[in-house]
Amino acid sequence: MKKELIKVPKHLGLIIDGNGRWAKAKGLTRSMGHKAGFSNLERIVKECFYKYGIQSVSVYCFSTENWNRPEKEVDYLRKLFKKMVDGDMEKKYPEVRINFMGDFGKFGDDIQKKGSALMERTKKNTKFTLNLGINYSGQDELVKAVNDIISEGIKEVDRETIANHLYTAGQAPLDLLIRTSGEYRLSNFMLWQVAYAELYFPSCHWPAFSKKHLKEALYEFQGRDRRFGAIKE
Ligand code: IPE
Ligand code: IPE
Ligand code: MG
């Protein structure tokens with residue numbers, strides 16, 4: 001019998017890749033792939049919080065590089081993000097703070113206004129945090145942190161100063177990063193936070209990443225020997 005799951009990440013990152021390839025393999029449009037991907041995201045995120053008690057889940061939904069995609073695809077994603085900020089997020093994710101990472105206002109004033117209000121309303125939720133990277137770039141996050149530090153007049157900077165100026169300020173360090181679809185790169189996601197994260201690259205495309213796959217990833221994480229530079233004597 002399998003061992004019990006006792007060591008669960010406090011902070012999980014998800015690069016939800018492969019929506020397009022999943023759709024193509026099924027003869028569907030890329031938009032249908034995103035639709036399936038984002039409905040799967042809801043299922044998996046709920047499992048993370050309410051079954052496993054993971055405190056923070058950070059999701060790469062749209063990168064600053066994704067503007068290079070055809071307008072039709074970007075428009076469809078905009079629709080999905082609009083639904084997110086219009087929808088009943090608080091009902092879907094009770095006790096969860098919704099925290100957007102990135103310059104999500106580039107998707108329009110409506111998304112900017114509703115998204116900011118959603119962040120403000122859910123700020124009080126300290127048990128769980130869902131970080132949604134929308135128009136996100138890890139390099140831009142660091143540039144923004146540096147500029148904020150300068151404008152605050154801070155003269156001496158250490159690791160903590162930088163960490164406190166990131167979108168993930170105050171949250172647990174990233175423990176595990178999962179990227180689906182068999183791509184072995186970060187594509188500009190959470191470059192600072194990934195420093196000591198365990199990396200996991202399942203081959204399945206994101207819309208097909210099931211609760212069972214999540215469980216497998218968590219068991220894999222539990223089995224990893226995290227040494228943080230030290231040795232075992
Ligand atoms: C990732 O899936 C989701 C977003 C970028 C929103 P892709 O759209 O990158 O899917 P593939 O990589 O083309 O299969
Ligand atoms: C990374 O996936 C961004 C998201 C999952 C939102 P991409 O599909 O855009 O990354 P590349 O182009 O393969 O590096
Ligand atoms: Mg991709």
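How far does a polar side-chain atom of D17 lie from an oxygen atom of ligand 1? The distance is 2.9 Å. This report describes the surroundings of ligand 1 and then those of ligand 2 in a predicted model.

## Ligand 1: contacts

Around ligand 1 there are 13 residues, and the closest are D17, G20, R21, R30 and R69. The side chain of D17 has a polar atom 2.9 Å from a ligand oxygen. Two other contacts come from the backbone: an N or O atom of R21 is 2.7 Å from an oxygen atom of ligand 1, and one of G18 is 3.3 Å from an oxygen atom of this ligand.

On its own, ligand 1 has 380 Å² of accessible area, and the protein covers 90% of it.

## Ligand 1: location and shell

Ligand 1 sits in the largest pocket. Three elements give two or more residues to its shell: helix 1 (19-25), helix 2 (30-51) and helix 3 (71-86). The largest share, three residues, comes from helix 1.

Sorted by class, the shell around ligand 1 holds five charged residues, five polar ones and three nonpolar ones.

## Ligand 2: contacts

The residues around ligand 2 are I15, I16, D17, Y60, C61, F62, N66, R69, R179, R185 and S187. Both D17 and R69 in this list are also among the closest residues to ligand 1.

Three side chains place an N or O atom by an oxygen atom of ligand 2. For S187 the distance is 2.7 Å. The polar side-chain atom of N66 lies 2.8 Å from a ligand oxygen, and for R69 the value is 3.2 Å. Taken alone, ligand 2 exposes 390 Å², of which the protein buries 78%.

## Ligand 2: location and shell

Like ligand 1, ligand 2 sits in the largest pocket. Strand 2, which spans residues 56-63, gives three residues to the shell around ligand 2, and this is the largest share.

By class, the shell of ligand 2 consists of five nonpolar, four charged and two polar residues.

## The two ligands together

Which pocket holds ligand 2? Ligand 2 sits in the largest pocket, and ligand 1 sits there as well. For ligand 1, the largest share of the shell is from helix 1; for ligand 2, it is from strand 2.

The coverage by protein is 90% for ligand 1 and 78% for ligand 2.

Key: Residues are numbered from 1 along each chain as its sequence is written. Chains are lettered from A and ligands numbered from 1 in the order in which they are written. This is a predicted model: local features need pLDDT of at least 70, side-chain atom pairs count only at pLDDT 80 or more; totals for chains, interfaces and linings use all residues. Side-chain values use heavy atoms; hydrogens and water are left out. A residue is near a molecule or strand if one of its heavy atoms lies within 4 Å of it. A polar contact is a pair of N or O atoms within 3.5 Å; within protein, one must be able to donate a hydrogen and the other to accept it, and residues adjacent in sequence count only if both atoms are side-chain atoms. Accessible areas come from the Shrake-Rupley method with a 1.4 Å probe; for residues, only the protein chains shown count as cover. On a 1 Å grid over the protein atoms alone, a cavity is a set of points where a 1.4 Å probe fits but cannot get out, and a pocket is an open set with protein on both sides within 12 Å along at least five of seven lines; lining residues have an atom within 4 Å of a point. A molecule sits in a cavity or pocket if more than half of its atoms lie within 2 Å of its grid points. Helices (H or I, at least four residues) and strands (E, at least two) are DSSP runs, numbered from the N terminus. Ala, Val, Leu, Ile, Met, Phe, Trp, Tyr, Cys and Pro count as nonpolar, Asp, Glu, Lys and Arg as charged, and the others, Gly among them, as polar.
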